[in-house]
Amino acid sequence: MERSLMTQTTAESPARRQRAQLKARTLRTDRWWLAPVLTFAALASFLVYGFWAMFDPSYYIAPYVAPFSAPCLLEVCPEGARVFGFAPIGDWFPLPPGVLVLGLPGGFRLTCYYYRKSYYRSFWLSPPACSVAEPHGKYTGETRLPLILQNVHRYFFYGSVLISAVLTYEAIVAFRNTDGEWGHMGVGTVILAVNAVLISAYTLSCHSCRHIVAGRLNHFSRHPLRYRFWGLVSKLNARHMLLAWVSMYTVLFADLYVRLVAKGIVTDITFF
Amino acid sequence: MDIERHEFDVVVIGAGGAGLRAAIEARQQGKKTAIVCKSLFGKAHTVMAEGGAAAAMGNVNPADNWQVHFRDTMRGGKFLNNWRMAELHAKEAPDRVWELEAWGALFDRTKDGKISQRNFGGHEYPRLAHVGDRTGLEMIRTLQQRVVALQQEDYAVHGDYEAYIKVFAECTVTRLLKDDAGAIAGTFGYRRETGRLMLIEAPAVVLATGGIGKSYVVTSNSWEYTGDGHALALLAGARLINMEFIQFHPTGMVWPPSVRGILVTESVRGDGGVLRNSEGKRFMFDYIPEVFKDKYATTEEEADRWYTDQAGNRRPPELLPRDEVARAINSEVKAGRGSPQGGVFLDVSSRLPAEEIRRRLPSMHHQFKELADVDITAEPMQVGPTCHYVMGGVEVDADTAAASVPGLFAAGEVSGGMHGSNRLGGNSLSDLLVFGRRAGAGAAAYIDGLERRPAVPDDAVAEAQAEVLAPLERPGENPYEVHHELQRTMNELVGIIRRAGEMAEALEAVEKLRERAKGVGAAGSRIYNPGWHLCLDLRNMLLVSECVARAALARQESRGGHTRDDYPDMTADWRRRLLVCTAAPDGTSVNVQEQVQPSMRADLITLFERGELSKYLTDEEMAEYDLAVKES
Amino acid sequence: MSYKAKFRIWRGEGGEGRLEDFTVEVNEGEVVLDIIHRLQATQAPDLAVRWNCKAGKCGSCSMEINGKPKLGCMTRMSTFGEDEVITVTPMRTFPVIKDLVTDVSFNYQKAREIPSFTPPSDVRPGEYRMKQIDVERSQEFRKCIECFMCNNVCHVIRDHDENKQAFAGPRFLMQIAELDMHPYDVADRQDSAQDEHGLGYCNITKCCTEVCPEHIKITDNALIPMKERVVDRRYDPLVWLGNKIFKRSAAK
């Protein structure tokens with residue numbers, strides 16, 4: 001009896017307060033690295049394209065405006081590329097028009113709750129995948145500058161609602177022909193229309209939107225209309241990741257298409 | 001001697017619904033309370049309860065009230081219930097449920113914002129407060145969080161969360177200790193994590209340890225259900241009643257082995273599921289008892305019509321009471337017409353479109369998909385009876401939950417009497433709350449009436465210590481083998497259908513197993529050593545199994561959860577008799593004696609119709625009834 | 001039907017230990033917990049594992065199987081190849097008591113630090129009136145079985161033990177969200193979520209949601225909405241101004 005008492009480790013023993021001394025970074029046997037690698041490649045190529053597109057001058061060929069340069073707010077913008085003909089910024093801005101506006105959709109995606117997950121995992125490896133140790137010695141998350149600024153997401157959302165409206169406008173305007181007459185439809189029109197729908201869907205599926213619509217309420221039953229909208233946004237929100245990827249590629253493709261047509265590399269097929 | 005010592009006013013053993021409610025009550029009455037539980041805090045078996053808590057709130061049907069609930073409970077228990085308990089239960093259940101809501105529980109709602117209530121077998125009106133099919137979890141979480149809330153209050157006042165209520169998680173109690181005068185003085189046990197021995201001195205102990213299902217092979221109960229409270233009470237000199245009544249749920253999963261015994265909800269049959277044997281026959285038509293002949297369909301055509309037209313047709317026999325269905329399945333399997341894994345087929349796939357099954361039975365679909373890889377929309381389930389609940393337990397005073405030993409209280413499944421010979425679905429959760437609270441209050445009042453704290457005698461501690469450490473000190477038989485043998489014995493010989501010869505055989509086998517249990521040993525250290533723990537649990541399971549077998553052998557009738565092949569009828573004479581188990585302090589010689597069931601109070605008995613009562617009561621009791629009616 | 005599987009199981013007390021190899025029989029339909037129980041009954045009677053209901057309802061048997069947090073009772077053997085070596089280790093974020101059993105007291109400490117449900121003082125039991133749509137969000141979070149796998153997998157504390165002080169973990173941040181959305185809770189939880197319970201540490205990488213055996217959308221339905229509520233309170237000048245002007249509560 002005495003012997004067994006001697007050998008026991010009690011609750012106060014310091015050895016107990018230790019995790020399993022496993023050296024491996026992870027014991028996962030599946031290809032956990034695949035998702036972050038693919039995400040990294042996809043996001044990086046989008047960034048490269050976006051940077052190129054920002055400075056590319058071929059952003060307009062009537063009646064199409066490349067989405068990365070919309071809205072075109074400078075006086076250098078051709079008449080047809082302006083929204084309702086306005087050029088409110090004037091001519092003082094020296095860089096291409098895309099540089100001026102790309103901050104809004106860019107910032108929206110940068111602070112988006114889904115993109116945050118994807119680049120924290122694939123770029124910053126924090127963590128690269130679930131139950132795979134991250135390489136950093138210290139971690140403070142979004143508690144301090146600069147990452148605390150992610151909390152401005154809703155303002156980018158407001159901005160992106162405007163951008164969605166502009167893209168919708170541009171898609172509608174693309175039903176005019178080169179002379180500005182209604183009744184035109186080309187491949188470019190279809191592409192811009194599809195893009196406008198998907199960008200709007202992505203924007204509305206935003207977590208901030210869900211919160212603003214009704215998520216902040218504690219009594220849905222007192223606000224039946226807002227609750228119904230919340231239900232709709234929640235349904236879209238469940239597909240936020242899908243919409244983020246799909247809309248990212250449609251906007252890239254739409255933008256590239258317009259520029260290729262503008263450069264004369266591709267000829268836009270007109271249906272009527 | 002390295003024994004951890006603590007002092008409390010009340011020790012609650014068990015942290016399920018009854019234990020937590022008792023602890024909350026004791027603490028609210030200012031008593032320093034310890035909760036001792038074998039699992040982590042919040043993992044108790046109560047989380048397995050799905051259906052709901054029965055309480056006559058009348059939210060869905062305003063005609064409901066406590067009298068109706070009382071009548072349903074007594075009928076369900078075949079009038080063997082402790083009527084005072086059934087009365088208190090029916091009266092207090094609504095308050096206990098509402099109280100949970102004030103502690104943060106979120107029940108499903110009615111249209112006007114009240115707690116929604118659902119229909120269940122044996123309940124005349126929709127009565128079960130529920131949250132989807134996870135009501136037990138909601139209850140545990142709410143009570144757990146209430147305990148934490150009280151701890152936060154204490155922290156604000158005393159700077160110590162555990163000043164008045166402390167949870168000893170993963171600790172097992174092996175003995176109740178009494179002072180020289182025979183009153184409860186404390187508990188002795190060990191910490192499962194470290195193997196450290198632990199003595200808690202306390203003048204009052206509330207048993208809330210749940211049931212005994214782990215003495216059976218096929219059970220819906222978890223490993224904790226080793227009958228600890230039943231055995232501790234017996235060893236402390238308390239009395240157990242109704243131990244022969246064990247509820248077998250007719251449909252538990254039988255395959256794969258990993259999920260054997262897990263419940264398949266009654267709604268599968270309610271929604272059209274049918275039972276077939278290996279020959280493809282809907283065998284329930286052969287098992288309609290004489291008394292139900294006029295209420296159940298005799299042809300498959302009529303039975304199938306019932307699902308769409310309930311007024312013009314009789315119910316399908318799959319919906320006979322639980323005990324009848326369990327017995328029928330048992331007979332089919334014994335006759336060699338069972339499914340490959342020893343059950344029968346419960347088929348809903350050929351009865352409803354896949355979409356409809358997924359919509360109506362989402363949790364069952366999920367359960368079979370995840371656990372058994374069976375798609376119930378495409379193939380039949382295999383089901384068989386599973387040991388579910390023990391109606392018997394510690395004999396207690398209805399109002400205070402006090403057992404016959406001074407300072408000992410019991411609530412929940414470990415107590416006996418409330419449910420008579422058969423428990424209604426939904427009555428267990430409300431039972432936990434009502435009598436958990438009463439046990440906590442009873443313990444507090446008992447302490448207030450004490451002149452001095454009972455002292456724990458040293459020799460009792462030394463004995464308890466030797467008993468606990470013994471398995472570690474001998475190279476003995478593997479306890480898992482003794483346990484399996486016991487489970488097989490009880491399952492086969494004291495199962496759903498019982499015969500005198502088989503039960504005598506079981507008693508012999510238990511006797512032999514008890515000898516073997518004296519020699520079981522555990523290798524390894526005292527730190528979280530499951531082999532050692534099982535060695536110690538064996539004592540309890542063996543003791544309880546012997547009570548069940550002895551009481552079952554003594555009761556020469558069939559009633560509720562006790563079916564005798566050799567005495568198939570229910571008799572009024574046996575209804576007046578309760579079987580009481582006692583044991584010697586060293587756990588040998590279990591004794592069963594008869595005791596007269598007291599007559600129902602006049603205002604309660606007159607709640608029933610004469611015609612109904614005459615089926616159950618003796619002529620003598622009927623004369624009392626007639627007198628009561630005349631006087632009222 | 002039955003075959004011999006190769007298992008590597010962490011054995012040892014108090015964190016010290018090693019992976020031990022076992023060859024053990026596996027039958028059709030079994031789960032990992034069954035195999036561990038078979039080892040207990042045949043080869044290693046003192047092999048420690050925590051379990052209880054064996055039906056995925058109590059959340060006791062959390063462990064890591066081939067490096068992924070799982071419930072032992074819900075991980076079917078048929079999901080592995082017959083010649084695959086299955087590695088079973090205790091949850092990494094918590095100290096080990098013995099073998100697969102960890103000391104999860106961190107979670108109980110955190111639970112105590114979250115102020116409990118606080119109803120208005122003038123509502124008595126039985127008087128509560130709540131609409132189903134108003135309780136549904138919190139009901140989802142109350143499905144939690146407290147297996148603590150979300151807290152185990154969360155890199156904020158899994159990879160940085162020093163953050164345990166400041167971070168309550170997904171389980172308890174979700175509880176704050178549950179109470180904040182409760183129609184009758186009057187406590188102010190938004191500032192404390194950020195200041196005392198470390199909501200800002202969450203970088204929404206969603207591993208908590210991935211491992212949840214109850215399929216609760218912890219990140220999308222609890223953590224992000226809670227972050228947005230904190231933004232209302234702390235970081236949104238328009239909401240702040242609006243509240244100053246209209247003197248109404250932002251969250252109600």
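In the predicted model, Asp373(B) adopts a positive phi of about 60° immediately after helix α10(B). The helix itself spans residues 362-372 of chain B, and its buried residues are Met364(B), Gln367(B), Phe368(B), Leu371(B) and Ala372(B). Viewed down the axis of α10(B), these buried residues fall within an arc of 95° and therefore line one face of the helix. The cover over the buried residues of α10(B) includes two strands, β13 (246-253) and β16 (381-390), together with helix α6 (267-270), which belong to chain B.

Helix α10 of chain B also takes part in the contact with chain C, being among the elements that give two or more residues to that side of chain B; the others are α3 (83-102), α4 (135-158) and α15 (530-554). In total, 52 residues of chain B are in contact with 48 residues of chain C. The greatest contribution to this side of chain B comes from α4(B), with eight residues. By class, the side of chain B that touches chain C comprises 26 nonpolar, 13 polar and 13 charged residues.

Chain C is also in contact with chain A, where 43 residues of chain A meet 53 residues of chain C. On the chain A side, two or more residues each are given by α5 (113-122), α8 (207-215) and α9 (224-237). Of the elements of chain A, α5(A) gives the most to this side, with five residues. The residues of chain A that touch chain C divide into 13 nonpolar, 19 polar and eleven charged.

Methods. Residues are numbered from 1 along each chain as its sequence is written. Chains are lettered from A and ligands numbered from 1 in the order in which they are written. This is a predicted model: local features need pLDDT of at least 70, side-chain atom pairs count only at pLDDT 80 or more; totals for chains, interfaces and linings use all residues. Two residues are in contact if their C-beta atoms, placed from the backbone, lie within 7 Å. Helices (H or I, at least four residues) and strands (E, at least two) are DSSP runs, numbered from the N terminus. Ala, Val, Leu, Ile, Met, Phe, Trp, Tyr, Cys and Pro count as nonpolar, Asp, Glu, Lys and Arg as charged, and the others, Gly among them, as polar. A residue is buried if 20 or more other C-beta atoms lie within 10 Å of its own, exposed if 12 or fewer, and partly exposed in between; C-beta atoms are placed from the backbone. The arc is that of the directions from the helix axis to the C-beta atoms.
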